[in-house]
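Q: I have a model open and would like to learn how to read its features one by one. Could you walk me through it?

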Amino acid sequence: MALYIDLHVLQSVPFSNLNRDDLGSPKTVRYGSTDRVRVSSQSWKREIRHEVEERLGEYARRTRLVPAKVAETLVASDHGWPEDLAKFAGEQVARSAGKDGLKTEEGGKTSVLLYLPQRGIEELAVLCAEHRPELEAALGTKAKAAKAKDAALLPRDRVNNILKSRTATIDLFGRMLAELPGGKVDGAVQVAHAFTTHGSDPQRDFFTAVDDWLPAVETGSGHMQTGEFATGNFYRFATVNLTDLLKNLGQDRTRARELVELFIDAYLMSIPQAKKNSTAAHTLPDLAYFAVRDRRPVSFAAAFEQPVRASAGGFAEPARRDLDTYAAAVQRLTGGRGRLAHGHACIDDKPLENLGTRHSSFADFTDAALDTAFTQPDPE
């Protein structure tokens, strides 16, 4: 039975800074005694998540501002609450959450990040409207209001159910919500940090901005700064745990296939948006390879522990050859056990004999992975 779909991607990215560290430089990692440029899994997952949400029209938000957003919604024209009552109601949402309430800070923020469907804010506002008389009564006197801060005026089970509700991306990527009993969701998708297949160092770029209204006698710039950017051929790896996804979806195979298809498409087509206006590094993968497995996932990152050497001035083609060679070594070591099917789609037509069936497009590539994974018996 199919338990995992592994996805391997090689992607060449020109002058860019897809993922910055605390100093604004491209993130790096040292691997195989060589410094590489890196893009964190969190950075790439965020783009994938947003693309899946956009395709479905179903949004989730990770935020500490739930009380403030509930208050903002209640003040809006649809509800028309006075600001003091709306603020009190938002505070009561936090007070009525979890087992003993969630702590709040200045500005109506919870002390922890909550991750919930965007529609949950309106649902919480509607719940507050149902209990408006109790909220108004508690806010009516200072003594009652002070006492209400230590009491949950909203039904705790309904507040928790709204905060624990899910979207497709929560079912895919999971949710850590220890403060709410039953709020944790095991993610079905694992995404590795991307790194360049070869040595790569950030490069400094000095730039200026002209002040258009400077007097003609002044020829200097209005602003001077230095930024850091990098280039490279990246290896990316992700795997989808079909067992966990089906569990999250109540064994709904039709929905699971739909979400995996959206994930694969977003994984192939997305790219982090940092510095997009000044670099426009909107490339596509040079190579995509999938393997459907009935055991554990297998990353091919070790194919690039020894950095790729440029061929004819470039890294993309030798990186594809090294991945193909490593796939053959894995096949020899495992005897093919654990792999049910594999295939690839590539930017050029040179043969890659160890990467399974060649597909002419990403669409065919995706269909082949899904057809194998979802024609197998249900994972147990």
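Q: Where in the chain does A312 lie?

A: This is a predicted model, and in it A312 sits in the loop that connects β12 (287-293) with α12 (316-334).

Q: What is the phi of A312, and how should I read its sign?

A: The general idea first: most residues other than glycine have a negative phi. A312 has a positive phi of about 55° although it is not a glycine.

Q: Is A312 buried or exposed?

A: Exposed means over 50% relative accessible area. A312 has 89% relative accessibility, so it counts as exposed.

Q: Which other residue that is not a glycine has a positive phi?

A: One to look at is K275, with a phi near 60°. K275 is found in the loop between α10 and α11 (276-279). Its relative accessibility is 32%, so K275 counts as partly exposed.

Q: And what about a glycine with positive phi, where would I look?

A: Go to G57, which follows helix α1 and has a positive phi near 65°.

Q: While we are at α1, how do I check its length against its residue count?

A: Use the rise of 1.5 Å a residue: the 16 residues of α1 (residues 41-56) should span 22 Å, and the end C-alpha atoms are 22 Å apart, so the two agree.

Q: Which residues of α1 are buried?

A: Buried means under 20% relative accessible area. In α1 the buried residues are S41, S43, W44, E47, I48, R49, V52 and E53.

Q: Which residues does A60 touch, leaving aside its neighbours within four places in sequence?

A: Two of those α1 residues come back here: A60 is in contact with R49 and E53, and also with Y115, L116, P117, Q118, T167, T169 and I170. A60 is found in strand β4 (residues 60-63). With 1% relative accessibility, it counts as buried, because the cut-off is under 20%.

Q: How far apart are the C-alpha atoms of A60 and Q118?

A: They are separated by 5.0 Å, although the two residues are 58 residues apart along the chain.

Q: How does G80 read when I take the same steps?

A: Start with place: G80 lies in the loop between α2 (66-75) and α3 (83-95). Its relative accessible area is 46%, so G80 is partly exposed. Setting aside neighbours within four places in sequence, G80 is in contact with L74 and V75. The C-alpha atoms of G80 and G313 are 65 Å from each other, with the two positions 233 residues apart along the chain.

Q: What does T34 look like?

A: T34 belongs to strand β3. Its relative accessible area is 17%, so T34 is buried. Beyond its neighbours within four places in sequence, T34 is in contact with V29, G199 and P307.

Q: How many residues does the largest nonpolar core have, and which have the most contacts inside it?

A: A nonpolar core is read as a set of buried residues joined through their side chains. Here the largest one has 47 residues, and V260 and F263 have the most contacts inside it. Helix α10 (residues 253-269) gives the largest share of this core, nine residues. Apart from this core lies another, of 29 residues, among them A86, F88, L124 and L163.

Q: What does V260 touch?

A: Not counting residues up to four places away in sequence, V260 touches I5, V240, L242, L245, L370 and F374.

Q: How many cavities of 30 Å³ or more are there?

A: The count comes to three. The largest cavity holds about 70 Å³ of space. Of the 14 residues that line it, S16, L18, V37, A230 and F234 are the closest to its centre.

Q: Which strands supply the lining of the largest cavity, and of what classes are its residues?

A: β1 (4-16), β3 (34-39) and β11 (223-241) each supply at least two residues, and the largest share, four residues, comes from β11. By class, the lining has eight nonpolar, five polar and one charged residues.

Q: How do I read the chain as a whole?

A: Count elements, then extent, then burial. The chain has 13 helices and 14 strands, and its C-alpha atoms fill a box of roughly 80 × 80 × 35 Å along the principal axes. Of its 380 residues, 46% count as buried. Among the contacts in the chain with a separation of 6 or more, 76% are between residues 24 or more positions apart.

Note on methods. Residues numbered from 1 in each chain as written. Heavy atoms only, no water. Expected span 1.5 Å × (residues − 1). Buried < 20%, exposed > 50% of the residue type's maximum accessible area, 1.4 Å probe, protein only. 1 Å grid on protein atoms, 1.4 Å probe; cavity = no way out; pocket = protein on both sides within 12 Å on 5 of 7 lines; lining within 4 Å. Points joined across faces, edges and corners; volume = space filled by probe spheres on them. Nonpolar A, V, L, I, M, F, W, Y, C, P; charged D, E, K, R; others polar. Core = buried A, V, L, I, M, F, W, Y, C linked by side-chain atoms within 4.5 Å. Contact = heavy atoms within 4.5 Å.
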